[in-house]
Amino acid sequence: GREIALVNGYRMLVNACFPDLRAVTFVFYTDGPREYPKGPHLDPFVYSAVMGYVARSCALVGICLYRTFLADWSFRAVFRLSAFLAFLANVSALPVYLRLFRASPALDLAFILFEEAIRVIVKNLKDIPSTVLSARCCRRGNDATVLALCGAAGYLTEPVQTYTAIVLLNVFDVNPASRLHDGRHLRYLWKVKLICGALVLIPPIFFLDKMIGPGGPNDDRQHKSDGLPKTRHPDDPAPAAASPLSSSPPAASSALDYGGPGPPGAVATMKVTP
């Protein structure tokens with residue numbers, strides 16, 4: 001119970017440190033020259049369609065990367081890697097928000113797509129090991145129930161992501177509404193992105209070692225039997241030790257050839273009491 005609570009708590013903490021800025025970044029990317037003269041001026045339909053395809057493709061990439069390269073890593077190592085990639089994704093978008101490549105729309109689009117690709121890959125890299133770790137902590141027979149509860153608890157952090165983003169945006173007076181002179185409200189959006197990058201590093205630095213064990217998916221707590229992966233919970237009773245008499249035949253009598261009268265091979269039985 002305690003191990004599952006710590007795993008689920010860390011998962012919720014990580015999600016809470018990922019502020020959701022997609023609403024304001026959509027305005028930043030798609031405002032026209034009239035609303036935001038310095039913006040990238042991406043077409044809303046093209047932006048939505050391209051970003052959607054990139055997100056779905058990178059979701060598969062994230063699954064393949066974990067299965068191919070990270071399946072034998074410890075859970076702590078995977079969580080640290082996902083946090084570093086999340087920080088990289090936020091920092092990589094800074095040239096776009098600082099308008100360093102204003103004269104090159106192609107570079108703007110490349111940085112935007114790179115940020116979205118890393119964001120989706122990071123989501124898979126932090127969700128897959130969390131689910132695997134939660135499943136390994138479950139007792140046999142209640143795996144589905146516990147995983148369903150953990151998944152429902154994860155959704156509780158989605159509003160927290162939005163509320164954190166709202167607080168940060170209001171602190172820096174970033175409150176665009178697709179109106180004239182949005183540039184005045186978007187000039188400090190890069191600071192919000194930088195703070196978001198710093199937030200994702202808080203869980204692995206301060207809480208990871210205290211809430212997640214040092215093991216990995218293939219440590220000695222997992223063994224295979226009849227072709228299926230089995231996991232024994234630490235609180236499960238240990239299997240009973242084999243008795244020296246358990247290997248003897250179940251028969252309760254022993255046959256002895258006493259060589260007396262009668263047909264050849266006649267035997268007498270003598271009851272053996274352990």
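## Ser 92 in helix α4

In this predicted model, Ser 92 is buried, because its relative accessible area is 10% and a residue counts as buried when that value is under 20%. The residue has its place in helix α4, a helix that runs over residues 75-92. A polar atom of the side chain of Ser 92 lies 2.7 Å from the backbone oxygen of Ala 89.

When residues up to four places away in sequence are not counted, Ser 92 touches Phe 111, Phe 114 and Glu 115. With one of these partners, Phe 114, the separation can be given in two ways, since Ser 92 and Phe 114 are 22 residues apart in sequence, while their C-alpha atoms are 7.8 Å apart in space.

## Arg 80 in the same helix

Arg 80 is also found in helix α4, but Arg 80 counts as partly exposed, because its relative accessibility is 38% and partly exposed residues are those between the buried limit of 20% and the exposed limit of 50%. If its neighbours within four places in sequence are left aside, Arg 80 is in contact with Pro 204, Leu 208 and Asp 209.

The C-alpha atoms of Arg 80 and Ile 205 are separated by 8.5 Å, although the two residues stand 125 residues apart along the chain. Ile 205 falls within helix α11, which covers residues 202-206.

## The chain as a whole

The protein chain has 274 residues, of which 37% count as buried, and its secondary structure comes to 12 helices and 4 strands. The area that the chain exposes is about 16100 Å², and carbon and sulfur atoms supply 65% of that area.

The contacts of the chain can also be sorted by how far apart the partners are in sequence: among contacts between residues at least 6 apart, 72% join residues that are at least 24 apart. The pair Arg 80 and Pro 204 is an example of a contact that reaches from helix α4 to helix α11.

## The two cavities

The structure holds 2 cavities of 30 Å³ or more, and the largest of them contains about 70 Å³ of space. Its lining includes Tyr 10, Val 14, Phe 18, Phe 79, Ser 82 and Ala 83, together with Val 122, Lys 126, Val 200, Pro 203 and Pro 204. Helices α1, α4, α6 and α11 each supply at least two residues of this lining, and α4 gives the most, with 3 residues. Sorted by class, the lining has 9 nonpolar residues, 1 polar residue and 1 charged residue.

The second largest cavity has a volume of about 40 Å³, and the residues that line this cavity are Tyr 10, Arg 11, Val 14, Asn 15, Phe 79, Lys 126, Asp 127 and Ser 130. Here α1 and α6 each supply at least two residues, and α1 gives the most, with 4 residues. The lining of the second largest cavity divides into 3 nonpolar, 2 polar and 3 charged residues. Tyr 10, Val 14, Phe 79 and Lys 126 appear in the linings of both cavities.

## The largest pocket

The largest pocket holds about 1000 Å³ of space. Of the 37 residues that line this pocket, the closest to its centre are Asp 20, Arg 22, Arg 119, Lys 123 and Gln 161. By class, the lining has 17 nonpolar, 8 polar and 12 charged residues.

Several helices take part in this lining, with α1, α2, α3, α4, α6, α7, α8 and α10 each supplying at least two residues. The largest share, 10 residues, comes from α6, a helix that spans residues 105-137. Helix α6 therefore contributes to the pocket as well as to the largest cavity and the second largest cavity, where the helices and their numbers follow DSSP runs counted from the N terminus.

Notes:
Residues are numbered from 1 along each chain as its sequence is written. This is a predicted model: local features need pLDDT of at least 70, side-chain atom pairs count only at pLDDT 80 or more; totals for chains, interfaces and linings use all residues. Side-chain values use heavy atoms; hydrogens and water are left out. Buried means under 20% relative accessible area, exposed over 50%, partly exposed in between (1.4 Å probe, protein chains only). Contact means heavy atoms within 4.5 Å. Accessible areas come from the Shrake-Rupley method with a 1.4 Å probe; for residues, only the protein chains shown count as cover. On a 1 Å grid over the protein atoms alone, a cavity is a set of points where a 1.4 Å probe fits but cannot get out, and a pocket is an open set with protein on both sides within 12 Å along at least five of seven lines; lining residues have an atom within 4 Å of a point. Grid points are joined across faces, edges and corners, and a volume is the space filled by probe spheres set on the points. Ala, Val, Leu, Ile, Met, Phe, Trp, Tyr, Cys and Pro count as nonpolar, Asp, Glu, Lys and Arg as charged, and the others, Gly among them, as polar. A polar contact is a pair of N or O atoms within 3.5 Å; within protein, one must be able to donate a hydrogen and the other to accept it, and residues adjacent in sequence count only if both atoms are side-chain atoms.
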